[in-house]
Structure formats: C-alpha cells, structure tokens
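Please open the structure in your viewer and keep the selection panel at hand. The tour goes from the whole chain to two places where helices meet.

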Amino acid sequence: MTTATPTTVHVAPQRKHSLTGTGVGNALEWFDWSIYSTFAPFFAASFFSSADPVSAFLSTLVVFAVGFLARPVGGLLFGRLADRIGRKSTLAITVGIIAASSGVIGLSPTYETIGVAASVILVVARLGQGLAYGGEQPAAGAYLSEQAPPARRGLWSSLIYGSGTVGAMGGLVLGAVLTATIGTQAVTEWAWRIPFLIAGVGGLFALYMRTRMHESATFTEQIELPGDAAPKPSLWADFWASRRAALTVAGLSIGLTVVYYYWIVAASAFSISVLQAEPTSILVAGIIANVIFIAVLPLWGALSDRIGRRPVMLIGIVGSIALLFPLSQLINGDPVQLGIAMTIAGLFIAAPCAISPAIMAELFPTRVRTAGVALPLAITVAIFGGTSLYLQTWLSTTYGPWAFLTYVTVLLVITGITVLIMPETRGRVLGDEGDVYAERAAARAR
C-alpha cells in the first residue's frame, strides 16, 4: 500500500486556492474593464459635454482606447515583475490597482460640476487600469499553466476567459437589472456609478483571495536552480531569443481580440447606443449568449488536451470567418436575433479563447514566460482591441456594416495563418530547457 506524502496531501488544497484566487481576481478585473463599455452609453454625458450625445459617447470610446495604450507599458512592467518576484505577488498588485481605479471613476464628480477635470480623472483612472491589466492576463495565464497538471493544461487555461467572461457578464446583469428596476434615466443620471463602486469594494476580497494562493512550483524551481546566481540574459536578449514565439502571440491575438470584442463585448453596447434598441432586452440577450459561451469553454479546453491545440484553434477561427457576415445581419436592434447571433458566434470564438492562454505560456521558457507574452499581447490588443469599438461605430455609421466586417475578416485570416505555421504545443514541458516535450518529462520521472 502506498502512503501519501506531505506533498501529495497538499496538492489538492494548493490547486484549489490557485484556481479560486486566479478565477475570482480575473473575474473582478474583467468586470472592472468591461463595465466601462457596457455603461458607456449611460455615463458619457457625466464626463463630457452633454450637448451632443453621440459625440460624448464617441469620446468615452476614445478614453476606452487610451486605457489600451497603457497596456504595453504595463505588460512590460508587470510581466518582468512576475518573472522576477513571482506570479502570485504580481497578480495581487494588479488586482489592487484596477479595483482602486474603478473606485475613483465611481466617486468622480461630473463634467457639469468640475468641467474638463472630470474628463481628466476618467483618463487617469483608465490609464491605471490599462497599466495593471497589461500584466494581469499574461501573469494569470502563466500561473495557471504552470500550476495545471500537464495533461489538463488546456482545460485549466479555459478558466481565464471563463472567469473573465463571468466578470464581463456581471456588467451586463447589472445593466439589465438597473434599467429594468429604476429606468434608463436614473442609470444615466447616477446609477451608472453602482458597478464601479462594487468593483472597488470587490477588489479587497479579490486581493485577500490572491494572498492565499501558492507560488507556482515551476517558477519556484527556476529561481532555485544551481546556476541562478549567475548573470541572467537581459530582457531584450530573452525577447530576441524568443522572437518567433512573440510574433506568434501577436498573430494569434490580432483576430481573436477584435472578434471577441465584436461579439462578446460590443454587440450589446452598439445595439443600444447606435441602433437605439431597448436596453433591458438587449442586455438580457447578451447575458444568455455569454452563459452559453462560458459553458463551452472547458469543453474546447479538454478537447485540445486530447487532439492538440492547433486543430481546436483552426475550428474556431474558420468557423468565425465563415459566420461573420451572415450572423452580423442579425444585429438589427431585435434582442432575439441578437441573442441567436451572439450565441452561435460564441460557440466558435470559445475554441481559441479557451486555449490561447495555455498556448502562449507553452511558447516561452519560465524566465521570460510572463513578459514574453505580455508585451506582444498588450501591443496587439492596444492597437487592434483598443480601437475596435470606435472603428465599429465610425465605420458602420459612415460606410456601412460591411466595412468593419471586412476589417475583422482580414484580421481573422492573419490569425488563421499564424495557427497554420505555429508549432503544436500540447504536451510541452514548462521549463527553461527550450523545446522540451512530454517524452523528456517521462524520462525524468523514471
């Protein structure tokens, strides 16, 4: 009979804390980030001149893009921090910054009260969130991938978009509840502050949960290597050595970022602000579609653990391209048709979303895993994701819906080509040995 060792006894609780802390914190941070786009149609006039509602809404979308511009700096800063002091500490710092920034937005005086200073406060708060979020997702992806059992890494990585979408959906739920119970006018006048204040207070709970997490064994083993005291390669030397991996991260992110924001984040806000659809029913349709999206994420993650990352990625990308134009015809202000379109699109978008954190972590060695993912991911998301909501509104109202859809299609094709030429990473050992796979891990175990 085999006697359980102390290590065996503590594995399950450690993994439980890892999953809970990462999931709760990630959900809160996505909630903080996503309530901005969800409530932008309501609070636009509170931070900008209310004389022209469309102009005020577009101004809030410009600030939305400003938050994205801070991501590369935050990705470099917090990515390097996570690779030096650890994933756990960095994740605690990022969740604290984002929650504090949301609290500032929720308590800010309006444009009518302090004039342009309200706009400045909004910009500064969004910059703070952008800096922190630039390091959050890569650090969370690296942490979960390192903590996961190798044979279930794809499944575990689905928690990133799963918990994140739960957070994003929380904004939709609040929007639907508030507009249904107190009315659109009250939400526009003052109740838009509620989700931001909830995010600020919730940050304290997320911070507590992350203090209970355990540092990943992969990172701990790296810093305890016998040669660790020797001079380390510079960050830029590590980036150059991993340049192909960095380009792969950028290629994967280009199409995925924009199509995710188009369907999962922006479709509801666009229907309300541009198509003037009834807010409550539109938000309910978005909630239902998001629930189904979350439900299929672990299924795609588990499938990638069986058949590989590349086939699952290709199914999602090709399906998204094929259905983009037909499903977009259903975005016409009708909540039922919107819900059907978002649900079907989400089934395919979930495939690359579920496993992209695992793929990106599997591309890099431990010493540069977070920074290596963070910088190209943040730059790509800033350029393409940060401008997507604005481009969608501007292109659709100026040239027609086909213009933005063509743009999205081109980006998805780039992502598809990236998947075709990237290596299959399922089974890769997360260490600093380079291209080491499961066979070598098995040899070590013998």
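What follows is a list of selections, with a note on what is found at each.

This is a predicted model, in which local features need pLDDT of at least 70 and side-chain atom pairs count only at pLDDT 80 or more, while totals for chains, interfaces and linings use all residues. Residues are numbered from 1 along each chain as its sequence is written, and side-chain values use heavy atoms, with hydrogens and water left out.

Select the whole protein chain to begin: its secondary structure comes to 19 helices and 0 strands, these being DSSP runs (helices H or I, at least four residues; strands E, at least two) numbered from the N terminus. Of its 446 residues, 57% are buried, that is, under 20% relative accessible area with a 1.4 Å probe, protein chains only.

Next, select residues 116–147 and 153–181, helices α6 and α7, whose axes come within 9 Å and cross at roughly 155 degrees; axes are lines fitted to C-alpha atoms over the stretch in contact, and angles run from 0 to 180 degrees between N-to-C directions. The two helices α6 and α7 are therefore roughly antiparallel (angles over 145 degrees). The contact (heavy atoms within 4.5 Å) includes Q137 and L144 of α6 and W156 and L159 of α7.

Keep α7 and add residues 335–362, helix α15, which packs against α7 at an angle of about 115 degrees with the axes 6 Å apart. The pair α7 and α15 is therefore roughly perpendicular (65 to 115 degrees). Among the residues in this contact are R153 and S157 of α7 and C353 and P357 of α15.

Methods. Angles under 35 degrees count as roughly parallel, over 145 as roughly antiparallel, 65 to 115 as roughly perpendicular and the rest as oblique. Buried means under 20% relative accessible area, exposed over 50%, partly exposed in between (1.4 Å probe, protein chains only).
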